[in-house]
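Open your viewer, set it to cartoon view, and keep the selection box handy. We will go from one stop to the next, and at each one you will have something to pick.

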Amino acid sequence: MSPTDQPTDQPADQPTPALLTVRGLQKSFGANQVLQSIDLTVARGQVLALIGPSGSGKTTVLRCLNGLEIADGGTIEIIGADDATHAPVTIDFAAAHGSRSGVPKKTLGTLRDRSAMVFQHYNLFPHKTVLENVMEGPVVVQRRPRAEVEAEALALLERVGLSEKRDSYPFELSGGQQQRVGIVRALALRPTVLLFDEPTSALDPELVGDVLRLIKELAAEGWTMVIVTHELEFAREVASEVAFVDGGTIVEHGDPKEMLRNPQHERTRQFLHRLLFPF
Amino acid sequence: MSESTWQLLLDSLWPLIHGAITGTIPLALSSFAIGLVLALGLALMRLSRRRWLSSIAQVYISIVRGTPLLVQLFVIFYGLPSLGIVIDPWPSAIVAFSINVGGYAAEVIRAAILSVPKGQWEAAYMIGMSHRRALTRIILPQAARVSVPPLSNTFISLVKDTSLASLILVTELFREAQQVAAFSQQFMALYLEAALLYWVICLVLSSGQGALEKRLDRYVAH
């Protein structure tokens with residue numbers, strides 16, 4: 001259920017090793033350069049919240065981390081869940097020239113294997129039951145034993161309060177329930193890092209709480225996460241670091257409580273002000 | 001109608017049904033099956049990022065849809081022998097109908113694949129699937145549901161179009177009717193009887209379509 005425990009023999013003065021390192025990530029869609037140059041590091045057990053105006057590139061960063069977009073330049077390095085058996089893998093996008101075929105299939109596969117995404121619109125498979133949705137990746141792609149996967153999937157569904165929905169189809173679930181299945185589907189893949197793309201933006205306001213509470217619990221359990229969100233209050237409470245993305249760069253980043261109260265950059269200030277006082 | 005006409009209709013009922021069972025239905029089923037495989041391949045070619053593959057499929061579809069089925073049938077059965085390729089009536093009919101179904105169904109399947117939301121591809125990639133696996137396990141099952149109504153129409157059209165095979169000497173429902181009609185000179189009665197039988201077959205198929213749609217709709221909101 002929970003990721004590998006924090007190494008306890010770590011000397012106190014040495015920082016936790018970075019699990020995910022992004023350097024100089026660039027991405028253009030046609031003439032539109034969405035990412036100028038993104039640098040970020042996420043340590044094990046850290047929760048990074050990406051905030052910023054729409055079109056700022058924060059979702060593109062997340063999609064690059066899951067290989068759904070292939071960056072034009074820069075590198076992504078990701079370490080496996082257990083670094084004894086999972087050596088770090090580095091993708092150099094400049095060498096791939098922004099083309100999917102330029103990235104070795106195996107490397108891209110490893111990146112996808114180590115990251116799992118929760119989508120804004122859930123993207124559950126409508127022709128599969130809740131349980132089948134959760135088991136598809138572990139059984140079909142990762143080729144783990146069905147019985148073991150099923151037991152784990154049922155335990156995960158149980159913990160999010162959806163075990164009685166195991167044989168329901170997604171359309172029979174509320175948005176909040178669907179998103180919790182989306183989270184369980186991601187967890188069942190046993191990723192190193194969980195990626196959340198505005199996980200509550202498509203939900204009715206009264207359903208947001210359940211999903212945020214679940215994400216908060218996962219953070220407390222030590223899952224490493226990158227979350228694109230508009231929920232500032234949530235970011236303040238859950239994130240260990242928040243980064244403000246605008247115009248394809250990280251304008252500033254830091255401790256959420258500090259940064260959201262006292263932003264250093266004018267653009268951050270304006271953005272936070274607009275969110276706090278929308279009209 | 002005279003009593004002898006009724007008797008003729010009754011007597012000819014079995015030969016006509018026999019023609020349907022041994023001609024019309026197997027011809028339609030086999031051509032449809034082969035045509036669907038062809039159509040899936042063509043649809044994937046059409047969607048391919050490789051321009052030349054897409055172009056080949058596009059030209060094929062354009063030719064099939066832009067020429068009469070009867071002409072296609074005649075080219076294969078009466079035309080090819082002059083190039084030294086002689087094909088029997090049955091295989092000729094199956095080839096022609098398969099090619100024809102391939103062209104029409106390709107566009108249906110292509111549209112159905114495109115109708116599956118992009119997020120489904122992304123979720124499939126996210127859980128680690130390759131393009132091929134995403135297609136077969138996630139996209140095509142959803143596309144299948146969308147394409148059942150238009151493909152059923154294609155099949156029903158095909159069943160009726162198999163009557164054209166009578167013109168290349170395939171013994172099926174309509175050819176049986178023609179033969180009895182020529183012998184008895186009761187054209188109106190026999191052709192109406194044939195029409196009625198086609199109609200019954202299509203009614204059965206339509207109800208089958210309804211059942212299939214209902215089954216495939218079990219996982220979508222109503």
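## First stop: a serine in chain A

Select A:S115: its relative accessibility is 1%, so it counts as buried (under 20% relative accessible area with a 1.4 Å probe and protein chains only; over 50% is exposed, and partly exposed lies in between). Before going on, note that this is a predicted model, in which local features need pLDDT of at least 70, side-chain atom pairs count only at pLDDT 80 or more, and totals for chains, interfaces and linings use all residues. Residues are numbered from 1 along each chain as its sequence is written, chains are lettered from A and ligands numbered from 1 in the order in which they are written, and side-chain values use heavy atoms, with hydrogens and water left out.

A:S115 belongs to strand 6 (residues 115–118) of chain A; helices (H or I, at least four residues) and strands (E, at least two) are DSSP runs, numbered from the N terminus. Show its side chain and look for two backbone oxygens: that of A:L111 is reached at 2.8 Å, and that of A:L65 lies 3.3 Å from a polar atom of the side chain. Now display what A:S115 touches beyond four places in sequence: A:L65, A:N66, A:P191, A:V193, A:L195 and, from the other chain, B:M126. Contact here means heavy atoms within 4.5 Å.

## Second stop: across to chain B

Follow B:M126 into helix 5 (residues 118–126) of chain B, where 8 of the 9 residues are buried. What do the buried residues of this helix pack against? In chain A, colour helix 1 (58–65), helix 3 (105–114), strand 6 and helix 6 (175–188); in chain B, colour helix 6 (131–161). Just after helix 5 of chain B, click on B:G128, which has a positive phi near 100°.

## Third stop: a glycine in a loop

Return to chain A and select A:G67, in the loop between helix 1 and strand 4 (73–78). Is A:G67 buried or exposed? Its relative accessible area is 0%, so A:G67 is buried. Leaving out neighbours within four places in sequence, A:G67 is in contact with A:R100, A:L108, A:L111 and A:R112. For a distance to try, draw a line between the C-alpha atoms of A:G67 and A:A49: they are 19 Å apart in space and 18 residues apart in sequence.

## Fourth stop: a surface patch

Switch on the surface of chain B and pick B:L70, B:F74, B:Y78, B:L167 and B:L169, a nonpolar patch with about 430 Å² of accessible area together. B:F74 sits in helix 3 (residues 69–79) of chain B and is partly exposed, at 34% relative accessible area.

## Last stop: zoom out

Hide the side chains and view each chain whole. Chain A has 10 helices and 10 strands. Its radius of gyration (taken over C-alpha atoms) is 19 Å, close to the 19 Å that the globule rule (2.2 Å times the number of residues to the power 0.38) gives for 279 residues, so chain A is as compact as a globular protein of that length. Of those residues, 55% count as buried. Chain B has 8 helices and 0 strands, and its C-alpha trace spans about 70 × 50 × 25 Å along the principal axes. Buried residues make up 43% of its 222 residues.

Terms used:
Patch = residues over 30% accessible without salt bridge, like charges linked within 9 Å, V, L, I, M, F, W, Y side chains within 5 Å. Areas by Shrake-Rupley, 256 points an atom, 1.4 Å probe, with all protein chains shown as cover. Salt bridge = Lys/Arg side-chain N within 4 Å of Asp/Glu carboxyl O. Polar contact = N/O pair within 3.5 Å; in protein donor to acceptor, adjacent residues only side chain to side chain.
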